[in-house]
Amino acid sequence: MSGDLIRLTAAELGAAIRDGETSAVEATQSYLDRVAAVDGDIHAFLHVDADAALEQARAVDARRAEGAELGPLAGVPIAHKDVFTTRDMPTTAASRILEGWRPPYDATVTERLRAAGLVILGKTNMDEFAMGSSTENSAFGPTANPWDVSRIPGGSSGGSSAAVAAFEAPLATGTDTGGSIRQPAAVCGLVGAKPTYGGSSRYGLIAFASSLDTPGPFARNVLDAALLHEAFSGHDPRDSTSIDAPVPPVVEAARRGDVDGLRVGIVREFAGEGYQTGVLQRFTEAVEVLESLGAKVVEVSCPSFRSALAAYYLIAPSECSSNLARFDAMRYGLRSGDDGTRSAEEVMALTRAEGFGPEVKRRIILGTYALSSGYYDAYYGSAQQVRTLIKRDFDAAFEHVDVLVSPTTPTTAFPLGERVDDPMAMYLADLCTIPANLAGNAALSVPCGLAPEDGLPVGLQIMAPVLADDRTYRVGAALETALRDRWGGDLLARSPYAV
Ligand code: GLN
């Protein structure tokens with residue numbers, strides 16, 4: 001029975017709980033057993049709280065017994081990225097500087113998961129402060145990709161992607177600042193969405209780059225991702241950049257799943273050198289599928305996208321250097337060298353030297369430099385101008401097409417260790433995802449096959465205008481259904497960790 005339960009989609013599991021065919025406690029226990037069985041190999045979780053999870057599940061079962069109306073995901077377990085504050089669990093952002101910190105409050109996303117009756121199994125591994133593309137920057141050791149445990153699960157939300165791909169949870173949360181949901185989803189064969197910036201709340205999300213950070217869902221299929229998206233999104237008065245507008249109808253779009261009359265633009269700039277042959281091959285085939293379903297496909301040029309990576313690596317570090325100033329050895333977590341002989345400044349310097357990993361330090365130094373007087377205009381200022389050009393490219397493109405598509409990542413999952421000492425190579429993993437963050441658009445990654453040369457998953461990215469998130473789900477669902485027919489089932493069924 002427990003194998004059967006973890007095989008169900010989140011939508012099916014929620015329905016089975018509502019219909020009384022199974023209980024939230026049974027579902028939660030099945031997933032806890034799975035975590036106990038495989039997380040030694042995968043290391044998706046930094047913290048699992050079986051007792052707290054079972055207690056949340058019992059509360060859902062009790063509400064059902066009282067005759068309460070349960071939502072679509074009530075009783076469904078979820079893995080939660082360790083960048084969201086949780087009042088009953090440690091929150092570290094995978095950094096030594098926050099080791100052991102227990103937040104006094106829940107993030108809005110956490111609060112809404114609880115309100116929807118989702119059962120939080122634990123907190124997932126990530127790159128420290130969400131800086132990275134492989135989860136190797138975690139202070140607590142890397143996570144493995146369930147498709148090949150010698151490879152990266154993507155990052156920064158790699159614990160979340162690995163947990164879902166290894167069937168340790170049907171759903172997970174992530175955050176996407178430059179690609180950290182879409183890229184891990186792509187390399188793990190999952191669906192991952194970056195909502196419109198401001199469409200999901202940043203309150204209680206430990207800040208990396210505030211003008212880019214966006215919470216979003218991971219799931220094994222498009223409908224499940226839409227259900228989770230809907231569950232935690234929407235206006236939040238506690239986040240000043242939250243958009244006061246209804247959540248786009250993503251669930252309806254995922255159920256509809258068609259491309260009738262839709263104009264699809266292929267971004268010309270995202271191909272060529274640096275792209276793995278098998279990635280381009282699967283991408284091209286998927287576009288042909290969309291065309292066969294009735295989409296009108298055209299090529300579109302977005303020339304400024306070529307400068308997106310460079311602009312991002314000035315803007316994101318600049319914001320991070322300011323956001324991470326709060327880790328001052330006084331307010332949270334670690335404090336080093338406070339033996340009564342040292343000044344506050346010395347303790348702060350010692351704590352930050354010991355508490356931050358090399359990538360975080362690199363970003364703080366880069367950002368501080370880019371913001372310093374005399375350099376501000378040349379670096380940060382120019383990067384902001386490029387950001388405007390990227391927005392204009394999107395606007396111009398969306399006058400002619402409804403969505404833009406590209407490969408999600410230039411390559412499939414690379415081997416653990418391969419890029420960890422080569423920041424530039426690591427940064428290239430987000431080449432195709434960064435423009436949507438800089439412009440604030442909605443984007444989603446959906447699996448489009450396995451690369452012939454290594455048998456690893458390839459993702460296709462669908463980008464839509466601000467607040468048109470539903471379009472990405474509509475196209476994603478259409479493609480998913482067509483490809484499932486072609487493959488004779490889910491792509492994930494071919495993973496060594498499939499159940
Ligand atoms: N890999 C990118 C970076 O390191 C994006 C990270 C993210 O989206 N959180 O900054």
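Which residues in H11 meet Arg363, Ile364 and Leu366 in H13, among others? I shall take that question as my starting point this morning. Please keep in mind that the structure before us is a predicted model.

The residues in H11 are Tyr313, Leu314, Pro317, Ser318, Cys320 and Ser321. On the side of H13, the full set is Arg363, Ile364, Leu366, Gly367, Thr368, Ala370 and Leu371. Helix H11 covers residues 308–323 and helix H13 covers residues 358–371, and their axes come within 7 Å and cross at roughly 100°. An angle from 65 to 115 degrees counts as roughly perpendicular, and H11 is therefore roughly perpendicular to H13. By character, the residues of this contact comprise eight nonpolar, four polar and one charged.

Let us now consider a second pair of helices. Helix H8, residues 222–232, and helix H17, residues 469–487, have axes that come within 9 Å and cross at roughly 160°. Angles over 145 degrees count as roughly antiparallel, so that is how H8 and H17 lie with respect to each other. From H8, the contact involves Val222, Ala225, Ala226 and His229; from H17, it involves Asp469, Tyr473, Gly476, Ala477 and Glu480. Here the division is five nonpolar, two polar and two charged.

I turn next to the ligand. How many residues surround the ligand? There are 15, and the closest are Gly178, Ser180, Tyr312, Arg363 and Asp430. Arg363 is also one of the H13 residues that meet H11. Three contacts to the ligand deserve a description. In glycine 178, a backbone N or O atom lies 2.6 Å from an oxygen atom of the ligand. In glycine 179, a backbone N or O atom is placed 3.2 Å from a ligand oxygen atom. Serine 180 instead uses its side chain, with a polar atom 2.6 Å from an oxygen atom of the ligand.

Serine 180 brings us to the annotation. An unreviewed UniProt entry places the feature "active site" at Lys81, Ser156 and Ser180. These positions are spread over 100 residues of sequence, yet they cluster in space, with a largest C-alpha distance of 11.2 Å. Of these, serine 156 sits in the loop between strand S3 (119–124) and helix H6 (158–165).

Finally, the unreviewed UniProt entry lists residues 26–471 as "domain: Amidase". Over that range the chain is 37% helix and 14% strand, and the C-alpha atoms at its ends are 35 Å apart.

Methods:
Residues numbered from 1 in each chain as written. Predicted model: local features only at pLDDT ≥ 70, side-chain atom pairs only at ≥ 80, totals over all residues. Heavy atoms only, no water. Axes fitted to C-alpha atoms, helices over the stretch in contact; angles between N-to-C directions. Helix = DSSP H or I, 4+ residues; strand = E, 2+ residues; numbered from the N terminus. Parallel < 35°, antiparallel > 145°, perpendicular 65-115°, else oblique. Contact = heavy atoms within 4.5 Å. Nonpolar A, V, L, I, M, F, W, Y, C, P; charged D, E, K, R; others polar. UniProt positions renumbered as here; feature names shortened; annotations may be inferred. Near = heavy atom within 4 Å. Polar contact = N/O pair within 3.5 Å; in protein donor to acceptor, adjacent residues only side chain to side chain.
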